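Subject: Structure handover and findings

Dear colleague,

I am passing on the structure below, together with an account of what was found in it. Please read the account with the sequence and the coordinates open beside it.

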Amino acid sequence: MDVALLLEYGWVLIILIGLEGILAADNALVIATMVKHLPPEQRKKALFYGLAGAFVFRFGSLFIISYLVHIWQVQAIGALYLFGIALYHLVKKFVLKSHLKKEEKEKKGSGFWMTVIKVELADIAFAVDAILAAVALAITLPGTNLPTIGGLDGGHFTIVLAGGIIGLVIMRFAAGYFVVLLDRKPGLETAAFLVVAWVGVKLGVYALSHPELAIISEGFGKGTTWKMIFWSVLLLIGVGGWFLSKDKPPNDLKEKEENEEVLKETNILKK
């Protein structure tokens with residue numbers, strides 16, 4: 001690879017690390033909330049099964065998607081899924097927040113195995129989100145001379161694989177640092193889901209410019225103009241999430257501290 005290509009791949013990997021970090025911290029908090037009603041020993045078992053599931057589902061998703069990613073119908077479904085999941089999280093966060101909190105307080109905690117099933121289902125959703133976002137970022141990168149793996153260029157596959165491994169490492173060891181960051185800059189969570197939506201748009205443009213569909217010219221979908229638009233908007237989202245963040249109300253901070261304590265007890269956070 002020449003220097004320009006290495007820089008482009010390196011930049012995408014940095015974006016993936018940031019996105020994976022924020023989403024992994026958010027995912028870890030969701031899982032912590034799901035298991036915190038269990039006794040401490042059962043929490044550890046539920047989280048162990050959860051982390052094992054995360055590993056299997058992430059790499060299973062990667063290999064499945066790598067074979068299907070160049071089919072425009074799969075690209076279109078992936079684009080709609082990413083956009084939809086981001087919209088769902090944003091609506092839940094800003095529109096349904098108080099209603100869902102009231103429901104959570106009234107809801108009785110599930111038994112151990114039902115909790116494990118819920119954690120595994122959450123793992124599947126997290127795996128699909130993370131891998132689809134990584135693939136959408138990677139497939140428009142220039143090709144390399146590395147051998148093709150599945151349906152992906154070897155360089156693209158390496159970037160997506162690295163993103164998946166980094167996400168798992170963050171969930172196991174570095175989630176606490178990102179939890180603290182989200183406490184300081186809560187707008188980053190919103191920014192992360194806006195990035196997911198924008199990556200969905202990117203995958204949608206890629207699908208529309210597919211030769212079999214050709215609604216948009218293939219040159220635009222893979223061209224410099226679209227790349228400049230995409231990265232400029234992505235940068236604006238990130239900067240906006242950082243600088244427009246407001247301090248969290250004390251109740252929200254208390255809830256975060258409680259979830260962080262559960263994460264420490266269950267070894268998601270490094271002691």
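Helices here are DSSP runs of H or I with at least four residues, strands are runs of E with at least two, and both are numbered from the N terminus. On that basis the protein chain has 10 helices and 0 strands, and reading along the sequence gives the pattern α-α-α-α-α-α-α-α-α-α. Please keep in mind throughout that this is a predicted model. Of the 271 residues in the protein chain, 47% are buried.

Internal space

The structure holds 4 cavities of 30 Å³ or more, and I describe two of them here. The largest cavity contains about 90 Å³ of space, and its lining is made up of E20, L23, N27, R58, I85, H89, F126, D129, A130, F193 and V196. Helices α1 (3–35), α3, α5 (112–138) and α7 (187–208) each contribute at least two residues to that lining. Sorted by class, the lining of the largest cavity comprises 6 nonpolar, 2 polar and 3 charged residues.

One of the residues that line the largest cavity is R58, which has its place in helix α2. Is R58 buried or exposed? With a relative accessibility of 3%, R58 counts as buried, because the cut-off for that class is under 20% relative accessible area. R58 can also be placed relative to D123, since the two are 65 residues apart in sequence, while their C-alpha atoms are 8.4 Å apart in space.

The second largest cavity holds about 40 Å³ of space, and I65, V69, V74, Q75, L132, V135, A136 and L203 line it. Helices α3 and α5 each supply at least two residues of this lining, and α5 gives the most, with 3 residues. By class, the lining of the second largest cavity divides into 7 nonpolar residues, 1 polar residue and no charged residues.

Positions in helix α2

I65, which is among the residues lining the second largest cavity, lies in helix α2 (residues 40–68). I65 is buried, with a relative accessible area of 14%. Although I65 and G151 are separated by 86 residues in sequence, their C-alpha atoms lie 8.4 Å apart in space.

S66 likewise has its place in helix α2, and at 0% relative accessibility S66 counts as buried. The C-alpha atoms of S66 and I131 are separated by 9.8 Å, and these two residues are 65 residues apart along the chain.

A salt bridge

Side chains of opposite charge can pair when their charged atoms come close. How many salt bridges does the structure hold? The structure holds 1 salt bridge, in which the side chains of E8 and K227 meet at 3.4 Å, N to O. E8 lies in helix α1 and K227 in helix α9 (residues 224–243), so the pair ties together parts that are 219 residues apart in sequence. As for its surroundings, E8 is partly exposed, with a relative accessible area of 26%.

A nonpolar patch on the surface

Turning to the outside, F83, L87, V91, F94, V95 and L96 form a nonpolar patch on the surface, and together these residues have about 560 Å² of accessible area. L87, one of the residues of the patch, is found in helix α3 (residues 72–94). L87 is partly exposed, with a relative accessible area of 48%. Helix α3 also appears in the account of the cavities, as it supplies at least two residues to the lining of the largest cavity and at least two to the lining of the second largest cavity.

A backbone detail

Lastly, A214 lies in the loop between α7 and α8 (218–221). The phi angle of A214 is near 55 degrees, which is a positive value in a residue other than glycine.

With best regards

How values were computed: Residues numbered from 1 in each chain as written. Predicted model: local features only at pLDDT ≥ 70, side-chain atom pairs only at ≥ 80, totals over all residues. Heavy atoms only, no water. Patch = residues over 30% accessible without salt bridge, like charges linked within 9 Å, V, L, I, M, F, W, Y side chains within 5 Å. Areas by Shrake-Rupley, 256 points an atom, 1.4 Å probe, with all protein chains shown as cover. Salt bridge = Lys/Arg side-chain N within 4 Å of Asp/Glu carboxyl O. Buried < 20%, exposed > 50% of the residue type's maximum accessible area, 1.4 Å probe, protein only. 1 Å grid on protein atoms, 1.4 Å probe; cavity = no way out; pocket = protein on both sides within 12 Å on 5 of 7 lines; lining within 4 Å. Points joined across faces, edges and corners; volume = space filled by probe spheres on them. Nonpolar A, V, L, I, M, F, W, Y, C, P; charged D, E, K, R; others polar.
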